[in-house]
Amino acid sequence: MHTTSNDGWIPVCHLDDIPPLGSRRIQRPELPDAAPVALFRTSDDEVHALLDRCPHQGGPLSQGLVFGKAVACPLHNWTIELRTGCAREPDEGRTPRFEVRLVGGQVLLLASELASLGTEALAPSTCGRRC
């Protein structure tokens with residue numbers, strides 16, 4: 001992983017490393033059993049970060065289709081909102097979302113979130129609650 005700044009933000013890649021309407025996976029070497037983080041870039045260059053695991057059956061969201069402000073899971077086509085990590089109705093569930101900063105073309109994530117969000121070794125499943 002990269003060096004953490006004084007305010008806890010870690011540069012993980014450049015904006016140009018994420019294709020428009022595409023994604024990039026970020027591994028967490030300090031947490032080999034934790035799911036990677038998926039970075040998504042919208043057509044207007046917004047970057048969002050979600051755990052790379054669909055809340056339905058754990059599909060790799062980074063391999064899904066990005067459209068508008070959402071991604072479609074490649075396994076069962078669940079639509080996940082990039083801003084919240086919540087599944088669109090009628091589906092239910094949520095995947096953890098990570099704060100993102102863009103500074104001078106660099107994409108930064110919070111070290112504290114990388115170390116804590118989505119690190120449990122639970123089998124993926126529907127949470128059964130609305131977001």
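Here is a short conversation about a predicted model, covering a sheet, its cores and its salt bridges.

Reader: Glad to be here! In what order do the 3 strands of the open sheet stand?

Author: Welcome! The sheet is open and its pairing is antiparallel. From one strand to the next, the twist averages 35 degrees. Reading across the sheet, the order is S1-S10-S9.

Reader: Which strands stand at the edges, each with a single partner strand?

Author: An edge strand has one partner, so one of its sides is left without a neighbour in the sheet. In this sheet that applies to residues 9–14 and residues 100–103. The edge strands are therefore S1 and S9.

Reader: Over how many bridges do S1 and S10 pair?

Author: Strand S10 covers residues 106–110 and pairs with S1 in the antiparallel sense. You can find Pro11 opposite Leu108, while His14 stands opposite Gln106. The pairing of S1 and S10 runs over 5 bridges.

Reader: How many residues of S1 are buried?

Author: Buried here means under 20% relative accessible area. Strand S1 is largely enclosed by the rest of the structure, because most of its residues fall in that class. The count is 5 of the 6 residues.

Reader: Which strands each supply at least two residues of the largest nonpolar core?

Author: Nonpolar side chains tend to be buried together in soluble globular proteins. The largest nonpolar core here has 16 residues, and Val12, Val37, Leu39, Phe98, Val107 and Leu109 touch the most other members. The strands that each supply at least two of its residues are S1, S3, S4 and S10.

Reader: How many residues are in the second, separate core?

Author: To find this core in the model, look for Leu50, Leu61, Ile80 and Ala87, which are among its members. It is separate from the core described above, and its size is 12 residues.

Reader: Is Arg41 buried or exposed?

Author: Arg41 lies in strand S3, which spans residues 37–41. Leaving aside neighbours within four places in sequence, its contacts include Leu15, Ile18, Pro19, Pro20 and Val66. The cut-off for a buried residue is under 20%. Because its relative accessibility is 9%, Arg41 counts as buried.

Reader: Which residue meets Arg41 in a salt bridge?

Author: The N to O distance in this salt bridge is 2.8 Å. The partner has a relative accessibility of 33%, so it counts as partly exposed. That partner of Arg41 is Asp45.

Reader: How many residues apart are Glu46 and Arg83, the pair that links distant parts of the chain?

Author: Glu46 and Arg83 form a salt bridge, with their closest N and O atoms 3.3 Å apart. Glu46 sits in the loop between S3 and S4, whereas Arg83 sits in the loop between S7 and S8. Along the chain, the two are 37 residues apart.

Reader: Which residues are linked with Glu46 and Arg83 in a network of salt bridges?

Author: At 25% relative accessibility, Glu46 counts as partly exposed, and Arg83 at 47% is also partly exposed. Both belong to a network of salt bridges. The residues linked with them are Asp44 and Lys69.

Reader: How far apart are the closest N and O atoms of Glu81 and Arg88?

Author: Glu81 counts as partly exposed at 23% relative accessibility, and Arg88 does so at 34%. The structure holds 8 salt bridges, and Glu81 and Arg88 form a salt bridge too. Their closest N and O atoms are 2.3 Å apart.

Notes: Residues are numbered from 1 along each chain as its sequence is written. This is a predicted model: local features need pLDDT of at least 70, side-chain atom pairs count only at pLDDT 80 or more; totals for chains, interfaces and linings use all residues. Side-chain values use heavy atoms; hydrogens and water are left out. Helices (H or I, at least four residues) and strands (E, at least two) are DSSP runs, numbered from the N terminus. Buried means under 20% relative accessible area, exposed over 50%, partly exposed in between (1.4 Å probe, protein chains only). Contact means heavy atoms within 4.5 Å. Two strands pair if DSSP finds at least two bridges between them. Axes are lines fitted to C-alpha atoms, for helices over the stretch in contact, and angles run from 0 to 180 degrees between N-to-C directions. A nonpolar core is a set of buried Ala, Val, Leu, Ile, Met, Phe, Trp, Tyr and Cys residues joined through side-chain atoms within 4.5 Å. A salt bridge is a side-chain nitrogen of Lys or Arg within 4 Å of a carboxyl oxygen of Asp or Glu.
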